[in-house]
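Subject: Handing over the structure

Hi,

Here is the structure I promised to pass on to you. Please have it open while you read, as my notes go through it region by region.

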Amino acid sequence: MVEVRKICCIGAGYVGGPTCSVIAQMCPEVTVTVVDVNEDRIRAWNSDSLPIFEPGLQEVVDSCRGVNLFFSTDIDEAIKNADLVFISVNTPTKTFGIGKGRAADLKYIEACARRIADVSIGCKIVVEKSTVPVRAAESIRRIFNANTKSSFNFQVLSNPEFLAEGTAITDLKNPDRVLIGGDETPEGQHAIEALRSIYEHWVPKSKIITTNTWSSELSKLAANAFLAQRISSINSISALCEVTGADVEEVAHAIGTDQRIGSCFLKASVGFGGSCFQKDVLNLVYLCEVLNLPEVARYWQQVIEINDYQRKRFSSRIISCLFNTVTDKKIALLGFAFKKDTGDTRYGGAFKTFLCLHPTFSEHIFFCFPLQGYPCVYFVFRESSSIYISRYLLEEGACLHIYDPKVKAQQIMHDLTQPTPSERHDPATVSRLVTIVTDPYKACENAHAIVICTEWDMFTELDYEKIYKAMLKPAFIFDGRRILDSLHDQLQHIGFQASNHNHSKHYLGI
């Protein structure tokens, strides 16, 4: 078995940074180097102000940075010295060409594979840490086989991450499972054992699952698809609750007590966001289409459509309650991150770093099918529901005053003006209609309505009497995350428009 003493991680983002920081802390005899071509990002990792916000991450980094954890832009040197290389770069959804809007774009994965093949000598274990479509490892192997020097031997493993932003450090230190996929050859099994030995420093053996490579890759997509499906399922029921008089919270509790179902991911809201759910479900849809499984593709596509429907329904309710117009009306939007305890709003941005690893590609490989090469054009797909809701309201002429405790103003403005394959928003219009504030009370002054889009704990602790007095009347609250349910009666008593329409508190103000 190969003994892993040095690890290189290509990609200093939301996966690579926290994962390798925890590995370094838990394996003090292993030297871990996280590399990225983005100098600003590496500089931030080496500072007291990390490039991402994640509870507990700063303490982990501080405990081992400069000892056995290093952040560097010297990619080649880190690869050469490593026994094991994690590939932890972005796999965005394609914005053009075959599979546009659904298929994973593997150009960054390919760039990493070519770089590893070009500079490596000796024996290397190369590990997919990015979320990839099934059989993407075969693409990496093909590149290695076509470029392998006699001095380079390799094994390719799949080791998908199952982190939830906001709890990533807890998830890493106490995971539900660690999944490792590899070849069923003796060499492949030795590589699996080498990676398993790293995790066994702190993860019980019973929680480390080994499979073949393809099962590991598909398990990641399937896990996110199942979680997204549960959210869309309860959101579809919330729409039914509102027209029948049922309370979706009571329904969710009732069905969640069934041990065959369970209570997790049954919280009705404005829809799922984040870096993986939509991207991975769309990837699964495309995979099913490519493999001539149209019925399966349509099934998973509906999960995405319900999510979009829930966002639009929420936005439409806001407009309807504000007398069918929000033009020139001030709306306080509280929360822009896709969930609490993270500053993340979207997938991409900071991960566009591997564009310069290889300026052009002779082919692009998806599912081992060669496709015509094309230029490296980078887009970001919006993920946070706050972005969608903001854009719906901006299209109606609303004046948004946005507050989030962790998302920077520059990030918010960038997300609201970022073009997509189907639309482009005028930065001048966004600049005119959007104001970023650093105080939630300031955001609510003279506002017609408050819209809560992120479940930050602080929003349950605000002085709503003070807020009500400063707002225009009638004053509305639209709670897209149901964090104010316990305050519903109190808010009504204060004077907020918070009707009990059909006995449902899903949206205060409706």
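Below is what I found, starting with the whole chain and then moving through its parts.

**The chain as a whole**

Please keep in mind that this is a predicted model. The chain holds 18 helices and 17 strands. It has 510 residues, and 56% of them count as buried. If you take the contacts with a separation of 6 or more, 78% of them come from residues 24 or more positions apart.

**The N-terminal strands**

Strand S1 covers residues 6-10, and 4 of its 5 residues are buried. S1 pairs with strand S2 (residues 31-35) in the parallel sense, over 5 bridges. One pair to look up is Ile 7, which has Val 32 in S2 as its bridge partner. Between S1 and S2 the chain passes through helix H1 (residues 16-26), and this β-α-β crossover is right-handed.

S1 also pairs with strand S4 (residues 84-87), again in the parallel sense, here over 4 bridges. In that pairing Ile 10 stands opposite Ile 87 of S4.

Thr 33 is a good residue to click on in S2. Is Thr 33 buried or exposed? Its relative accessibility is 17%, and the cut-off for buried is under 20%, so Thr 33 counts as buried. Leaving out residues up to four places away in sequence, Thr 33 touches Ile 7, Cys 8, Cys 9, Phe 70, Ser 72 and Ala 78.

**The annotated cysteine**

The UniProt record, an unreviewed entry, carries the annotation "active site" at Cys 276. In the model, Cys 276 sits in the loop between helix H10 (248-256) and helix H11 (277-290). Cys 276 has 13% relative accessibility and therefore counts as buried. Which residues does Cys 276 touch, not counting those up to four places away in sequence? They are Glu 161, Lys 220, Asn 224 and Val 281.

**The five-stranded sheet**

Further along the chain there is an open sheet of 5 strands, in the order S15-S14-S9-S16-S17, with parallel pairing. Its edge strands are S15 (434-436) and S17 (476-479), each of which pairs on one side only. From one strand to the next, the twist averages 20 degrees.

Here is how the neighbouring strands are joined:

- S14 and S15 run parallel and are joined by 3 bridges; His 401 has Thr 435 in S15 as its bridge partner.
- S9 and S14 run parallel and are joined by 5 bridges; the partner of Leu 334 in S14 is Tyr 403.
- S9 (residues 330-334) and S16 (residues 449-452) run parallel and are joined by 4 bridges; Leu 333 is paired with Val 451 in S16.

S14 is largely enclosed by the rest of the structure, because 4 of its 5 residues are buried.

Ile 452 belongs to S16. With a relative accessible area of 0%, Ile 452 is buried. The contacts of Ile 452, not counting residues up to four places away in sequence, include Leu 334, Phe 459, Tyr 464, Phe 478 and Asp 479. Also among them are Gly 480, Arg 481, Ile 483 and Leu 484. For a distance to check in your viewer, try Ile 452 and Arg 482: they are 30 residues apart in sequence, and their C-alpha atoms are 8.7 Å apart.

**Helices on the sheet**

Two helices are worth turning to in this region. H12 packs on the sheet and touches S9, S16 and S17; its direction makes about 170 degrees with that of S17. Helix H14 (residues 409-417) lies across S14 (399-403) and S15, at about 160 degrees to S15.

How far apart should the ends of H12 be? H12 runs over residues 294-321, and at 1.5 Å a residue its 28 residues should span 40 Å. The C-alpha atoms at its two ends are 40 Å apart, which agrees with that expectation. After H12 comes Phe 323, whose phi is positive, near 65 degrees.

That is everything from my side for now. Happy to talk any of it through whenever it suits you.

Best wishes

Note on methods:
Residues are numbered from 1 along each chain as its sequence is written. This is a predicted model: local features need pLDDT of at least 70, side-chain atom pairs count only at pLDDT 80 or more; totals for chains, interfaces and linings use all residues. Side-chain values use heavy atoms; hydrogens and water are left out. Buried means under 20% relative accessible area, exposed over 50%, partly exposed in between (1.4 Å probe, protein chains only). Two strands pair if DSSP finds at least two bridges between them. A crossover is right-handed if, with the strands pointing away from the viewer, the path from the first strand over the helix to the second runs clockwise. The expected span of a helix is 1.5 Å times one less than its number of residues. UniProt positions are given in the numbering used here, feature names are shortened, and annotations may be inferred rather than shown by experiment. Contact means heavy atoms within 4.5 Å. Axes are lines fitted to C-alpha atoms, for helices over the stretch in contact, and angles run from 0 to 180 degrees between N-to-C directions.
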